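User: Hi! I'm new to reading protein structures, and I'd like a close look at a single part of this one. Could you pick a helix and walk me through its surroundings?

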Amino acid sequence: MNDLTGKVALVTGASKGIGAAIARALAAAGATVGINYVADAAAANANVGAIVSAGGRATAIQGDVSKSADVKRIFASLYESFDRLDIVVNNAGVYTFEPIERVTEAEFHREFDTNVLAAMLTTQEALHYFSSAGGSIINVSSIVSKNPAPASAIYASTKGAVDTLTGVLAKELGDRKIRVNAIAPGVTMTEGLQESGVPGSPLEAQMVGMTPLGRIGTPTDIAPLVVFLASDAAAWITGERITISGGLR
Ligand SMILES: NC(=O)c1ccc[n+]([C@@H]2O[C@H](COP(=O)([O-])OP(=O)(O)OC[C@H]3O[C@@H](n4cnc5c(N)ncnc54)[C@H](OP(=O)(O)O)[C@@H]3O)[C@@H](O)[C@H]2O)c1
């Protein structure tokens, strides 16, 4: 039902964390996957290696998705290699948790450029490559867009924008058979989360306590939802934001 054989997907920020698991799951379902990364070539190549070892097809593509020239190059490279595009997962994202007093213009622009502008740039570019059969765009939001936490002024606002963008584009692109959905993960154990200082902190214990299923999520908890949304089984689903958080609100 979730078979993606013959389809080609781009996953942004797929060298590690949630994006890496999404790329592996799409490949396991039969898709050929472009693994975008910005800096960590070794991690991206390791993920390509894992997919190829499991019998799948993937390639690593460097590029900063907040820069339009890089986005154009990423899509051109993927299309040159595989000659089609069906699925775009806007997963690349950055986050920090700071009180409002410590918000800076530089951090505002870094997070909005990577988390919001990039999804607009990739969508613009995907329109050149999706066939007349349409496509599926999946934006990675977060539970913080609707259940904001203290000290997340910039990050939660970027994800609110991602939710709104998802709704706008679903309406704007539906007549081209392009579906646009968002997933909203809860706290998920990734390299990025490790760097944020949440693991081992009182905040982690608080989050686990508020999660009905009683633990932090893993990237492999998240990935199957993306496979479903990318597949024809979700052909009648667009403009949705689906929470995937073990019940954490
Ligand atoms: N972890 C959570 O608890 C959680 C919860 C809800 C939502 N999310 C969302 O899930 C997504 C992934 O989060 P994560 O925790 O898995 O992150 P992560 O472990 O920090 O990984 C981030 C990925 O994004 C890539 N990246 C960062 N900036 C980029 C740019 N400008 N251009 C291209 N790639 C870029 C990184 O590439 P390099 O390796 O090359 O640096 C890496 O592959 C984000 O959108 C995040 O907001 C995370």
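Analyst: Here is a tour of helix α1 and what surrounds it, with a short look at another helix pair and two loop residues at the end. Please keep in mind that this is a predicted model.

Let's start with the helix itself. Helix α1 covers residues 17-28, and its axis comes within 8 Å of the axis of helix α8, residues 219-230. The two axes cross at roughly 50 degrees. Angles from 35 up to 65 degrees fall between roughly parallel and roughly perpendicular, so α1 is called oblique to α8. The crossing of α1 past α8 is right-handed.

Which residues make this contact? On the α1 side they are Gly17, Ile18, Ala20, Ala21, Ile22, Ala25 and Leu26. On the α8 side you will find Pro219, Thr220, Ile222, Ala223, Pro224, Val226, Val227 and Ala230. Sorted by class, the contact of α1 with α8 holds 13 nonpolar residues, two polar ones and no charged ones.

Now pick out one residue inside the helix. Gly19 lies in α1. Is Gly19 buried or exposed? Gly19 has 30 other C-beta atoms within 10 Å, so it counts as buried. Setting aside neighbours within four places in sequence, Gly19 is in contact with Val11, Thr12, Gly13, Ala14, Asn91 and Ala92. You can also look from Gly19 to Asn36: these two are 17 residues apart in sequence, and their C-alpha atoms are 9.1 Å apart in space.

Next, step back into the loop that leads to the helix. Lys16 sits in the loop between strand β1 (8-11) and α1. Lys16 has 18 C-beta neighbours inside 10 Å, so it counts as partly exposed. Leaving out neighbours within four places in sequence, Lys16 is in contact with Asp40, Ala43, Thr190 and Glu191. Glu172 is another story: Lys16 and Glu172 are 156 residues apart in sequence and 31 Å apart in space, C-alpha to C-alpha.

Helix α1 also has a part in the surroundings of the ligand. In total, 32 residues surround the ligand, and the closest are Gly13, Gly17, Asp40, Gly93 and Gly192. You have already met Gly17 in the contact with α8, Gly13 among the contacts of Gly19, and Asp40 among the contacts of Lys16. At least two residues of the shell come from each of α1, β2 (32-37) and α6 (191-196). By class, the shell has 14 nonpolar, 14 polar and four charged residues.

For another helix pair, look at α3 and helix α4 (residues 105-126), whose axes are 10 Å apart and pack at an angle of about 40 degrees. That angle makes α3 oblique to α4, and the crossing is right-handed. Here Ser68, Val71, Lys72 and Phe75 of α3 meet Leu121, Thr122, Glu125 and Ala126 of α4. This contact has four nonpolar, two polar and two charged residues.

Finally, visit two loop residues. Asp83, in the loop between α3 (68-82) and β4 (87-90), has a positive phi of about 65 degrees although it is not a glycine. Asp83 has 10 C-beta neighbours inside 10 Å, so it counts as exposed. Ala151, in the loop between β5 (135-140) and α5 (153-173), has a positive phi near 65 degrees. With 16 C-beta neighbours inside 10 Å, Ala151 counts as partly exposed.

Notes:
Residues numbered from 1 in each chain as written. Predicted model: local features only at pLDDT ≥ 70, side-chain atom pairs only at ≥ 80, totals over all residues. Axes fitted to C-alpha atoms, helices over the stretch in contact; angles between N-to-C directions. Helix = DSSP H or I, 4+ residues; strand = E, 2+ residues; numbered from the N terminus. Parallel < 35°, antiparallel > 145°, perpendicular 65-115°, else oblique. Left-handed = near helix turned anticlockwise from the far one by under 90°. Contact = placed C-beta atoms within 7 Å. Nonpolar A, V, L, I, M, F, W, Y, C, P; charged D, E, K, R; others polar. Near = placed C-beta within 6 Å. Buried ≥ 20, exposed ≤ 12 C-beta atoms within 10 Å, placed from the backbone.
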